[in-house]
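Work through the exercises below with the sequence and the structure open beside you. Try each task on your own before you read the solution that follows.

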Amino acid sequence: HLTTSLPLPSERDHLRPRIDLIVFMIDIKSKYSLKNVEASLAHLDASFFLGKVCFLVTGVGRVNFCSVEMNAIWKLGEAYCSPVLFCELELEGIRIATAQRLLRMLQICAGHIPGVSALSFGTLMRNTADD
Amino acid sequence: QENADPNRTAFLLRKQWTLYSVSPLYRFHNSHLRDYARLLSAFIAAEKQKGLAVEVGVELDIKVAVSSIPDLKGSDRDQAAILVQLSLRSQASQKNSEDKLVWSGCFCCVFGDHLSENVSDDFTCLPLFLVNGAESYTSLVGTWFQKTFDCCFRRLAISPLNLCWMAAMWTGCKVDKAISAMELVFSVPSLPYPLDISYAIHPEDAKALWDTVQKTPGEITQEEVDVFMDCLYSHFHRHFKIRLSATKLVKVSTAVATAHCDGIVKFLQSKYLTGVLMLLTELAISQIQ
């Protein structure tokens, strides 16, 4: 399910399936996308931040189009205890690899992988990013 | 820097300069500038012979001058700037006809310590290269320098993030007469036709806004730059319902200098020349490293 901002419209609440993973996409070329994500985060129930949220930064291939400061994104990841992934949408290989990663994360968050919980996986991802 | 002779650096003002980053030059010696001029001149003549026409159809002689500008630097640890000038020798051998300057290239380094301290003494660090003139000459001179000193030239692009810093920094500079408006140009992405939005702000209003944002004079933080830009974006959104933060900032024009994301700048105030060059040197160094 794709949306441009949160909260989701309440009219369709009863039709919506359980949400296992939320990926906030930030386009490094657009300051507005960061602001939009920050505003949407405020509407999210706290329980999602136990491993069911991640940030996906796109447009990272071209440094000179950068309108968003990387420090701001790292701080966001830290503040919301969620991993930050990077992707260049225009390159097919990276796009496919990122999609596979997200699917894997979704499987874990939906509880389909025995022995690994969303929270433990999220902690694992964050610790490796810090290194 | 207060005792730098403004006349020696005045040639930089009010001209459009294209920026390049240059990796350190191997075995470049300030004492051999005349020899370099001779060698470069011979190289250009040879390339012309090979048919790489510089001026189509006209037989003109190119004179090369290479000089040092000791005043153009930041600290004493910086290398003095090197200026390369190409002039067309006038055809008619009249004594009072002057050679016409057709191309200028200036290598400089303003407060570039963090590059030069990590590099051996065989190398000369002049990371910022400013060019004014035809691309064909730039390519000739660049090729000769790359072959002779084993260095690498790259066009220096300026990201929207860095342009925001320049907008904030230059707005804060005190200028005697606020002549020109501050102008920001944005390029709108994802449209089938190219669309640029120009946002002009009265310089005094811009300075007043910056003065309320900046907490410590002489110091600028990323948060202050963000607040400054956000105020400008909100103001625009209130009036035009357009979110500039979703577009790409491509050009900043102030009374101090103008800068375009393709790495094209114009210096307008000699008082702030060193400051702007220091910032550009830093950008050049981060592109090299």
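**Exercise 1. State which domains chain B is assigned and how far apart their centres lie.**

Solution. Begin with the bounds: the domain assignment divides off domain 1 of chain B at residues 10-155 and domain 2 of chain B at residues 160-261. Next, take the centres over C-alpha atoms, which places domain 1 of chain B and domain 2 of chain B 33 Å from each other. Keep in mind throughout that this is a predicted model.

**Exercise 2. Decide whether B:Asn162 is buried, partly exposed or exposed, and find the helix in which it lies.**

Solution. First locate the residue: B:Asn162 belongs to helix α5 of chain B, which covers residues 160-171. Then recall the cut-offs, since buried means under 20% relative accessible area and exposed means over 50%. The relative accessibility of B:Asn162 is 27%, and therefore it counts as partly exposed. As a last step, compare sequence with space: B:Leu283 is 121 residues from B:Asn162 along the chain, while their C-alpha atoms are 8.7 Å apart.

**Exercise 3. Describe the secondary structure of chain B and judge how compact chain B is for its length.**

Solution. Counting the elements of chain B gives eight helices and 13 strands. The radius of gyration of chain B is 21 Å, and because this is close to the 19 Å that the globule rule gives for 289 residues, chain B is as compact as a globular protein of that length. Along the principal axes, the C-alpha trace of chain B spans about 60 × 45 × 40 Å. Turning to burial, 46% of the 289 residues in chain B are buried. Finally, of the contacts in chain B with a separation of 6 or more, 68% are between residues 24 or more positions apart.

**Exercise 4. Carry out the corresponding steps for chain A, beginning with the order of its helices and strands.**

Solution. Chain A contains four helices and three strands, and along the sequence they follow the pattern β-α-β-α-β-α-α. Its radius of gyration is 15 Å, close to the 14 Å from the globule rule for 131 residues, so chain A is as compact as a globular protein of that length. The C-alpha trace of chain A spans about 40 × 35 × 30 Å along its principal axes, and 37% of the 131 residues in chain A are buried. To finish, consider charge: chain A has 13 positive and 13 negative charges, whose mean positions are 2 Å apart.

Key. Residues numbered from 1 in each chain as written. Chains lettered and ligands numbered in written order. Predicted model: local features only at pLDDT ≥ 70, side-chain atom pairs only at ≥ 80, totals over all residues. Heavy atoms only, no water. Helix = DSSP H or I, 4+ residues; strand = E, 2+ residues; numbered from the N terminus. Rg over C-alpha atoms; globule rule 2.2 N^0.38 Å. Buried < 20%, exposed > 50% of the residue type's maximum accessible area, 1.4 Å probe, protein only. Lys, Arg positive; Asp, Glu negative; His and termini not counted. Charge placed at Lys NZ, Arg CZ, Asp CG, Glu CD. Domains from an automatic or database assignment. Contact = heavy atoms within 4.5 Å.
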